[in-house]
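Trainee: Could we go through this one together, a sheet at a time?
Mentor: Gladly; let's bring it up first.

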Amino acid sequence: MRVLIATGDRKLVGELSGVLPDEHSVVVAGDPGSARQALGEVDLAFIDPSFLSLVDPGSGKLFILVADEDEVPEDALERGIWDVLLRPLRNWQVTMALNRAERMLAFIPPEEGEAEEEFVVGSSRAIREVYELAAKVAPTKATVLIEGETGTGKEVLARFIHRRSPRAAKPFIPVNCGALPETLIEDELFGHEKGAFTDAYYQRKGRFELADGGTLFLDEVTSLSPNAQVKLLRVLQEGEFERIGGAEPIKVDVRIIAASNENVKKAVEEGRLREDLYYRLNVVTIRIPPLRERKEDIPELASYFVRKHGRRHGRGEMSISEEAMEMLLRYDWPGNVRELENALERAVILAEGDEITVQDLPPWILGEPEGERREDGIFIPFGMTLDEVERLLIKETLLRTGGDKTKAAQILGISRRTIYRKLGELS
């Protein structure tokens with residue numbers, strides 16, 4: 001992520017720079033002129049009150065105001081400030097704000113042309129039936145439930161529905177319910193009032209308010225806490241809710257598209273999802289078939305991903321050898337389309353020439369072990385710290401499961417929330 005620190009306060013620059021992870025590209029600007037010039041090249045800007053003139057709600061940038069409590073304008077959120085941090089800064093507050101910003105930036109869709117192209121990749125009867133049903137439901141107000149294994153493209157389908165609906169000009173806001181701790185999910189969805197709890201120094205809008213007039217995509221909806229389910233049901237029934245700590249109902253016009261990588265009806269039977277909420281969500285259900293059930297789409301998908309990542313990594317036009325394509329067609333893809341994309345991005349990076357060969361594919365796709373191994377397991381280079389070993393193991397497991405954190409957590413013997421926490425710590 002590209003970050004701008006816009007302040008003339010050297011102490012504040014030091015405080016923020018000391019917390020931001022090394023992989024982020026950080027630009028410092030000490031005056032509004034240079035800050036405005038740098039703003040076009042960044043995703044997120046930390047600003048002090050003297051730089052409020054930079055804030056442009058329509059710029060697509062996230063602005064975090066860092067200030068003393070008496071310096072925060074009453075209308076800060078209305079002016080386009082996305083988050084507020086009060087001084088003196090605490091490291092955990094900056095880290096949480098940064099993590100929220102990363103999630104929010106992940107919500108921003110890719111460039112229009114690229115997104116539209118990806119929506120229609122695949123010509124099999126199975127995937128065409130999915131998109132034909134989605135095209136029928138898109139112009140309506142119906143709530144949609146999307147079921148499909150991890151990596152099949154549930155969010156891509158949800159964006160397809162949004163873009164072909166009358167709400168296309170309004171926000172599309174995705175929320176991964178499984179990625180958020182139970183203590184945070186209600187705050188993320190519904191927001192809070194100033195003073196609602198410790199450290200609630202200002203009013204904060206939740207995802208429902210941000211999505212007003214548009215579409216809210218709730219992924220892993222069966223992970224919602226019982227309290228959040230009750231509030232969600234009320235929004236679906238009455239179109240209103242209260243922020244945490246608030247008494248006044250807030251009216252919103254939001255279309256809900258929910259998704260799950262498990263059988264939602266089974267979650268109802270097991271008591272993890274309210275039955276009345278299930279029926280509200282299940283107006284139209286669309287099941288996305290796994291990639292192993294539509295292997296005829298693999299050549300078209302593979303060619304698209306090679307073009308996409310060839311451009312992204314400056315490799316230009318690339319192709320796939322017949323032998324490599326044959327291996328792609330033989331493999332069962334437990335991580336589905338996401339695993340296929342990950343494998344081909346890796347191949348694009350490793351390929352010696354402008355053609356991807358069998359040798360460029362991940363070893364497990366070829367039925368081979370990866371890298372140097374010993375009798376007691378995978379080789380770990382000497383000198384790695386425990387954190388680095390954890391990073392290697394988590395990333396390798398996620399790569400092999402196509403990004404499926406539930407499956408990775410089962411393999412590693414930890415909870416899914418621990419996967420998310422460790423990823424945050426190690427990123």
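What follows is a set of questions and answers about two sheets and the helices that pack on them, in a predicted model.

Trainee: In what order do strands S1 to S5 form their sheet?
Mentor: Start from the edges: S2 and S5 (83–86) each pair on one side only. The five strands make an open sheet with parallel pairing. Reading across, the order is S2-S1-S3-S4-S5.

Trainee: Which residue of S4 does Phe46 stand opposite?
Mentor: S3 and S4 run parallel and are joined by four bridges. Across this pair, the residue facing Phe46 is Ile64.

Trainee: At about what angle to S1 does H2 run?
Mentor: Two helices can be described here. H1 (residues 10–19) lies across S1, S2, S3 and S4, at about 160 degrees to S1. H2 lies across S1, S2, S3 and S4 as well, and its angle to S1 is about 170 degrees.

Trainee: Why do the buried residues of H2 line one face of the helix?
Mentor: The buried residues of H2 (32–39) are Ala35, Ala38 and Leu39. Looking down the axis of H2, they line one face because they fall within an arc of 105 degrees. In general, an α-helix has 3.6 residues a turn, so residues three or four places apart point the same way. For H2, then, the value to remember is the arc of 105 degrees.

Trainee: Which strands do those buried residues of H2 pack against?
Mentor: Contact here means heavy atoms within 4.5 Å. The buried residues of H2 pack against S1 (2–6), S2 (25–29), S3 (44–47) and S4 (62–67).

Trainee: At the start of H2, which backbone nitrogen does a side-chain oxygen of Asp31 reach?
Mentor: The oxygen comes to within 3.1 Å of that nitrogen. The nitrogen belongs to Gly33.

Trainee: Which strands stand at the edges of the sheet S7-S10-S13-S6-S14?
Mentor: This is an open sheet of five strands with parallel pairing. Each edge strand has a single partner, so one side of it is left without a neighbour in the sheet. The edge strands are S7 (172–176) and S14 (284–287).

Trainee: How many bridges join S10 to S13 in that sheet, and what angle does H6 make with S7?
Mentor: S10 (residues 215–219) and S13 (residues 255–260) run parallel, with four bridges between them. In this pair, Leu218 stands opposite Ala258. H6 (residues 154–163) packs on the sheet, touching S6 (144–147), S7, S10, S13 and S14. So the count is four bridges, and the direction of H6 makes with that of S7 an angle of about 155 degrees.

Terms used. Residues are numbered from 1 along each chain as its sequence is written. This is a predicted model: local features need pLDDT of at least 70, side-chain atom pairs count only at pLDDT 80 or more; totals for chains, interfaces and linings use all residues. Side-chain values use heavy atoms; hydrogens and water are left out. Buried means under 20% relative accessible area, exposed over 50%, partly exposed in between (1.4 Å probe, protein chains only). The arc is that of the directions from the helix axis to the C-beta atoms. A polar contact is a pair of N or O atoms within 3.5 Å; within protein, one must be able to donate a hydrogen and the other to accept it, and residues adjacent in sequence count only if both atoms are side-chain atoms. Two strands pair if DSSP finds at least two bridges between them. Axes are lines fitted to C-alpha atoms, for helices over the stretch in contact, and angles run from 0 to 180 degrees between N-to-C directions.
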